[in-house]
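Please look at the structure shown below and read the report beside it. The text moves from single residues in loops to a helix, a pocket and the cores.

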Amino acid sequence: MDGTDGEAWMAVRQRLAAVVAAAVLAGGLSGCGGADGPAPGSSPSASGAPTPTAGSSSPTWPAKPTDRSPHGVLLSAQLAMQTARRAKVNYRLGSDAGSGPLFWQPKTALQVKRSTPAAAEQLIVVDTVAYEGGDAATAARLGGKHWERFAGAPGPDGHREVPYAGLIDLLNPVVALAAATADGIGAQYVGEERFEDSAVEHYRVNTDADRYAAAQTQLSPARREGLRTALAGGGSASLTLDLWLNDKDQLVRLQRTGTGDTGRLDDSVLYTEPGGPLSAQAPAESDTVDTGTRTVSPLAR
């Protein structure tokens with residue numbers, strides 16, 4: 001995440017802090033910094049890349065705001081997921097599926113094992129460096145080493161791109177909630193439901209790929225355009241977000257359905273262990289082959 005992205009994230013947090021001001025006063029919180037708990041550490045991996053890991057204690061969750069309108073609840077969910085900073089994801093994006101830990105703050109990290117056929121079984125992204133492989137086929141192709149390593153290519157602003165940013169932004173719960181709470185987007189409360197033996201609250205919003213991407217003011221223009229491209233095929237005409245929240249206003253399930261330029265969209269993401277003891281570990285340098293820099297399509301999964 002570059003300096004511009006960090007400033008934009010702070011602007012989003014300040015907007016959400018205003019919404020929960022009454023609850024913050026009632027709960028005795030000291031502000032957005034105190035609500036976050038410890039940041040994930042960045043310890044060097046064997047290959048020299050920073051490795052996000054969970055802090056030694058759980059985050060301090062913000063108090064619920066007094067505004068319990070659908071829009072207010074979804075703003076509360078956005079703050080709750082920002083506070084969590086990480087979760088395990090289990091996703092199905094069209095015909096592609098996988099699972100593993102995702103970090104969205106303070107730096108991007110993703111470690112997933114794909115459960116549908118792909119060129120490589122596993123994908124690891126740590127900030128602007130990615131690793132693919134972790135399987136016998138990769139080892140056979142690379143003479144015994146299990147991972148290909150590559151860095152993101154420099155973008156128009158001179159900063160290196162985050163590899164697989166299109167995939168990461170589709171999985172990021174804060175991105176989805178920013179789209180759901182954007183100006184001019186109405187939210188609907190569907191009702192209380194059961195999900196994995198727990199009571200959850202179901203909300204729904206209607207938007208489209210352009211508005212979904214435009215709401216991401218924390219992302220660079222190039223990354224917003226990549227997200228729009230990732231969604232446009234099945235969501236340019238219409239895009240419905242169904243969001244299920246637990247009793248802490250944390251997002252536990254996201255579903256995107258829609259119609260677009262080339263067909264229909266049908267995505268599902270489950271979130272577990274928000275703020276939990278998760279890690280994304282880069283492979284050992286001795287087990288990797290460096291392939292230089294690479295630009296990854298926003299449609300890549």
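Is Glu273 buried, exposed or partly exposed? With a relative accessible area of 40%, Glu273 is partly exposed, because buried means under 20% relative accessible area, exposed means over 50%, and partly exposed is what lies in between, with a 1.4 Å probe and protein chains only. This is a predicted model, in which local features need pLDDT of at least 70 and side-chain atom pairs count only at pLDDT 80 or more, whereas totals for chains, interfaces and linings use all residues. Residues are numbered from 1 along each chain as its sequence is written, and side-chain values use heavy atoms, with hydrogens and water left out.

**Residues in loops**

Glu273 sits in the loop between β13 and β14 (288–294), where helices (H or I, at least four residues) and strands (E, at least two) are DSSP runs numbered from the N terminus. The table sets the backbone angle of Glu273 beside that of Asp249, another residue that is not a glycine and has a positive phi.

| Residue | Phi | Loop | Relative accessibility |
|---|---|---|---|
| Glu273 | about 55° | between β13 and β14 | 40%, partly exposed |
| Asp249 | near 65° | between β11 and β12 | 2%, buried |

The loop between β4 (96–103) and β5 (109–114) holds Thr108, and Pro106 is found in that loop as well. The peptide bond that leads from Gln105 to Pro106 is cis, with omega near -5°. Thr108 counts as buried because its relative accessibility is 6%. Leaving aside neighbours within four places in sequence, Thr108 is in contact (heavy atoms within 4.5 Å) with residues including Val125, Asp127, Ile168 and Arg223. Although Thr108 and Asn172 are 64 residues apart along the chain, their C-alpha atoms are separated by 9.9 Å.

**Helix α8 and a pocket**

Arg223 also belongs to the buried residues of α8, among them Leu227, Ala230, Leu231 and Gly234. The elements that cover these buried residues include α5 (165–171), α6, α7 (209–214), β11 (238–245), β12 (251–259) and β13. Helix α8 has a kink of about 25° centred on Thr229, where the bend at a residue is the angle between axes fitted to the seven residues ending there and the seven starting there.

Which element gives the most to the lining of the second largest pocket? It is α8, with five residues, while α8 (221–235) and β13 (264–272) each supply at least two. A pocket is an open set of points on a 1 Å grid over the protein atoms alone, with protein on both sides within 12 Å along at least five of seven lines, and its lining residues have an atom within 4 Å of a point. Of the 18 residues that line this pocket, Ala230, Gly234, Arg264, Leu265 and Arg301 lie nearest its centre.

**Two nonpolar cores**

A nonpolar core is a set of buried Ala, Val, Leu, Ile, Met, Phe, Trp, Tyr and Cys residues joined through side-chain atoms within 4.5 Å. The largest has 50 residues, of which Leu110, Leu171, Tyr212 and Leu243 touch the most other members. Helix α6 (residues 173–180) gives the most to this core, with six residues. A second, separate core has six residues, including Ile124, Val129, Tyr131 and Ala282. Apart from neighbours within four places in sequence, the residues in contact with Tyr212 include Val175, Ala176, Leu227, Leu231 and Arg256.

Terms used
1 Å grid on protein atoms, 1.4 Å probe; cavity = no way out; pocket = protein on both sides within 12 Å on 5 of 7 lines; lining within 4 Å.
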